[in-house]
Amino acid sequence: MSTVLQDISKEALEIRDNRLRALRDGLVADTTAPLYEYRKANGFHPVIGEGSHKTKIMFVGEAPGENEAKQGRPFCGAAGKFLDVLLEHIGLARTDVYITNLVKDRPPENRDPVPAEIEYYAKLLDKQVEILRPSCLVTLGRYSMGYLLPKLGLEAELKSISQIHGKVFEGAYNGEKISIVTLYHPAVALYNGSMRGTLLKDAEVLKEFFQ
Ligand code: URA
């Protein structure tokens, strides 16, 4: 029977839990993080990620919004509600997958992340991929797509999201095979209701990784 979970031992899972906790603690304490001052001034939390630590599928959004930074949880606002709908559409729950962002702190006024922020926070994403070893990375929107496709040796495939949404690519991460699926950001369905169907249809390609 196929499943969305990796077959790993209890000990291996504990190592992952501990490494992810250390990653979070490191970010909380790192006063050099580009958005540290803004986080502190607003009483925000960094958003490392949540979900299964033995899943085959890792979702990567852009950066936390205000709700997320207040709660320290990814996708817990309006876009997150639609992400839940996407998951349910393909028969998954949040607890079956791991959900994180490229940038782990909220940028001021929801502005786009700047290159220095991406450079700093993407190193944490790299570590998360190394720790959790998913077989499939799902990018949500152009920022995580723009970072991860080249990272996986797929720079030549990088096009606008309207050209490559819903596609599956085969890349490599630290010499190991890994798939990447490029989806629109779920917030797109909030600005443009007619995109809901496209997002739902695109998400169906993920079934091949657990059915
Ligand atoms: N948008 C994102 O990209 N990430 C979140 O966690 C919430 C909204």
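1. In this predicted model, the strand β6 makes the greatest contribution to the lining of the second largest pocket, to which it gives three residues. The volume of this second largest pocket is about 180 Å³, and its lining consists of Val129, Glu130, Arg133, Pro134, Ser135, Tyr173, Asn174, Glu176, Lys177 and Ile178. Two or more of the lining residues come from each of α5 (115-132) and β6 (176-183). Sorted by class, the residues around the second largest pocket are four nonpolar, two polar and four charged.

2. Asn174, already named in the lining of the second largest pocket, deserves a closer look for its backbone. Asparagine 174 sits in the loop that runs between β5 (167-173) and β6, and its phi is near 50°, which is a positive value in a residue other than glycine. With a relative accessibility of 63%, asparagine 174 counts as exposed, because the cut-off for that class is over 50%.

3. A positive phi is also found at phenylalanine 75, where the angle is about 45° although the residue is not a glycine. Phenylalanine 75 belongs to the loop between α3 and α4. Is this residue buried or exposed? Its relative accessibility is 5%, so phenylalanine 75 counts as buried, the cut-off for that class being under 20%.

4. The largest pocket holds about 600 Å³ of space, and 25 residues line it, with Glu62, Ala63, His185, Ala187 and Tyr191 lying nearest its centre. The elements that each supply two or more residues to this lining are α3 (66-71), α4 (78-89) and α8 (188-191). In terms of class, the lining of the largest pocket is made up of twelve nonpolar, seven polar and six charged residues.

5. Helix α1 (residues 10-29) can be checked against its expected length: at 1.5 Å a residue, its 20 residues should span 28 Å, and the C-alpha atoms at its ends are 29 Å apart, which agrees. Within α1, the residues Arg16, Leu20, Leu23 and Leu27 are buried. When α1 is seen down its axis, these buried residues fall within an arc of 55°, so they line one face of the helix. That buried side of α1 packs, through its buried residues, against α2 (36-41), β3 (98-101) and α5, whereas the face turned away from it carries the exposed residues Lys10, Glu11, Ile15 and Ala29.

6. Helix α9 (residues 196-203) can be described in a similar way. Which residues of α9 are buried? They are Leu199, Leu200, Asp202 and Ala203, and they cover an arc of only 165° around the axis, which puts them on the same side of α9. The elements against which the buried residues of α9 pack are α4, β6 and α8. Two of the elements already met in the account of the pockets thus return here, since α8 gives residues to the lining of the largest pocket and β6 to that of the second largest pocket.

7. A last point concerns glutamate 109, which is placed in the loop between β3 and α5. Glutamate 109 has a relative accessible area of 68% and is therefore exposed. Along the chain, glutamate 109 and glycine 65 are 44 residues apart, while in space their C-alpha atoms are separated by 8.9 Å.

Methods. Residues are numbered from 1 along each chain as its sequence is written. This is a predicted model: local features need pLDDT of at least 70, side-chain atom pairs count only at pLDDT 80 or more; totals for chains, interfaces and linings use all residues. Side-chain values use heavy atoms; hydrogens and water are left out. On a 1 Å grid over the protein atoms alone, a cavity is a set of points where a 1.4 Å probe fits but cannot get out, and a pocket is an open set with protein on both sides within 12 Å along at least five of seven lines; lining residues have an atom within 4 Å of a point. Grid points are joined across faces, edges and corners, and a volume is the space filled by probe spheres set on the points. Helices (H or I, at least four residues) and strands (E, at least two) are DSSP runs, numbered from the N terminus. Ala, Val, Leu, Ile, Met, Phe, Trp, Tyr, Cys and Pro count as nonpolar, Asp, Glu, Lys and Arg as charged, and the others, Gly among them, as polar. The expected span of a helix is 1.5 Å times one less than its number of residues. Buried means under 20% relative accessible area, exposed over 50%, partly exposed in between (1.4 Å probe, protein chains only). The arc is that of the directions from the helix axis to the C-beta atoms. Contact means heavy atoms within 4.5 Å.
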